[in-house]
Amino acid sequence: MHELLLDYLRRKSISPASEYLHQAYLSFKMFVPLFSDLKFRIYKNLANIFTLPEFMSAEEAFKLVDIELELLYDRLYTKTVILNSVKGLILLSISLLSCICGFIAFSVIISKRGYPQVDIAVTYLLLVGAILADTFALITQLFSKWTLRQLTKPGSKKLPKCVDGVINYWLGYRKRKKGITSIAQSSLLKYCLHSKATTITTVAKKLRFGNTILEKSLHQLDQKRWPPAWIDIELELKNFIYKNLKDKREQYGKKKFDSKSLSCLLNKGAYELLKREKLHEEMGWSLQDLEFTHSLLLWHIATDILYYDQRRRYPQTSFSGHCRISKHLSDYMMYLLVKAPFMLRKGIGELRYRDTCREAAKFFNLEMRIQGVRLAATTLLAIDAECRGFFYQMKGQGKSVFFGGSALAIQLRRLSQGGKLRMDEEQDDNGRMDEDEVWKIISGVWMEMLVSAANHCNWKDHKTQLRHGKELLTHVALLMAHLGLSKHIRMTDLPPQLKAEGDNYNPPWNWDELDRLAYYLA
């Protein structure tokens, strides 16, 4: 799509400085029906529309979808679209001039009449505040994406050189800005060790209102009190996500855009990854035939345990890229489960999370009396050395998966200790696999979970969450749509009447009249 779009913009004589803005706007126009849960039906002959060029970097791709989401936010939740019309700018100008005239009139009148000094000061303050607010609003609208697009689109009047220079400078400045810059993180182990989860559970048990709505409400209040951490998104994470999505697009093309193949690519990728690594027989239980949030919790607990254990063993060593990516994606998915569960697949994820937290908190604080998260991780791994069947026999309370996640962590740890798993593959001189290889598998599983969550999240839910800020899951979902990796984008064969035109027939594609293309919206 990107190359076709560039060709279209160059034919329209769009200046290079504003090219990226027009690309984002036209892409936004194309994909905006998705956010109303409408579906696309595109002929397979036009499959090249759903591609991103080789020369586009991950940073540029994320920046493109970020601008599209900013345009969507403006349209849904602000008055920007109205105010950027000629009528809107005139009304803003009138409002500003009215405030200035009021300021001048008040200054003239006040010199002729005696008023208390406090009243005069307050009135001046209010008038100056109104002038500054309207001035800021007018400048913001004049330099907004919508106005700049109008000023630089084909057919617009030629601007004076000084104005054109200011616009080009501002466009260049905006282009240098990064896309999504941070993501939220939530660690189940940290929460259970430092929150009031244990106190709530103990009190509930003594007062005999355990497993009731009251206990659930108390846990929810405690979770709200425990704010998520925020970290900067590093380029390595963007590169990792972008590369994996492009690989999936390549596989989809090799399958001739078959809908069943797409469903398998987006929903069963984690299990297929274990299958390729010959680990499905030992670890497939954590993914196969389980509710999505069940698998998410299992892998989050396992990732947390391995990560903090590694931090204890190598406190001065910097972690590998796959280790950092695994931890960031794991904590991000847990944040979604806790703070935005509607963006994940429907199920009993909240109940399962609450029961897991309750059991983990009881284990750490009442039975083992553990304080530090690193010691907790090491303890969970060390217990298995004395009693390997312990975790497998413990099913936990209610819907808890705490001991199941611990068992998965032990299985993953054994991969780098030369255990029974993966004995058919080459190992180093100490009979161990490289730990980074284990983290590569874990990061791959988390990437597949992220893709599955993005695919299943309702586009209206993406739209709702946009009001509260930029979400990595929404960026990934829109990037997938750019690559045709969405259940809402259906690739179809040409109808018989068009096949008669010949094998080289290419259906027309008009960026200015997308709504008139019969094969655009299903």
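1. Let's start with the contacts. In this predicted model, 77% of the contacts between residues at least 6 apart in sequence join residues at least 24 apart. The chain has 25 helices and four strands.

2. Next, burial and surface. Of the 522 residues in the chain, 49% are buried. The chain exposes about 26500 Å², and carbon and sulfur atoms supply 55% of that area.

3. Helix α8 is a good place to look closer. This helix covers residues 161-176, 16 residues in total. From its first C-alpha to its last it reaches 23 Å, close to the 22 Å expected at 1.5 Å a residue.

4. Which residues of α8 are buried? They are Ile167, Leu171 and Arg174. Viewed down the helix axis, the buried residues of α8 fall within an arc of 60°, so they line one face of the helix. A general rule helps here: an α-helix has 3.6 residues a turn, so residues three or four places apart point the same way.

5. What does that buried side pack against? The partners are α2 (19-31), α3 (58-77) and α7 (145-152). On the face of α8 turned away from its buried side you will find the exposed residues Lys161, Cys162, Tyr169 and Arg176.

6. Finally, have a look at a nonpolar patch on the surface, formed by Val86, Ile90, Leu91 and Ile94. Together these residues have about 400 Å² of accessible area. One of them, isoleucine 90, sits in helix α5 (residues 86-110). Isoleucine 90 counts as partly exposed because its relative accessibility is 46%, and that class lies between the cut-offs of 20% and 50%.

Conventions. Residues are numbered from 1 along each chain as its sequence is written. This is a predicted model: local features need pLDDT of at least 70, side-chain atom pairs count only at pLDDT 80 or more; totals for chains, interfaces and linings use all residues. Side-chain values use heavy atoms; hydrogens and water are left out. Helices (H or I, at least four residues) and strands (E, at least two) are DSSP runs, numbered from the N terminus. Buried means under 20% relative accessible area, exposed over 50%, partly exposed in between (1.4 Å probe, protein chains only). Contact means heavy atoms within 4.5 Å. Accessible areas come from the Shrake-Rupley method with a 1.4 Å probe; for residues, only the protein chains shown count as cover. The expected span of a helix is 1.5 Å times one less than its number of residues. The arc is that of the directions from the helix axis to the C-beta atoms. Patches are made of residues with over 30% relative accessible area and no salt bridge: like charges are joined within 9 Å, nonpolar side chains (Val, Leu, Ile, Met, Phe, Trp, Tyr) within 5 Å. A salt bridge is a side-chain nitrogen of Lys or Arg within 4 Å of a carboxyl oxygen of Asp or Glu.
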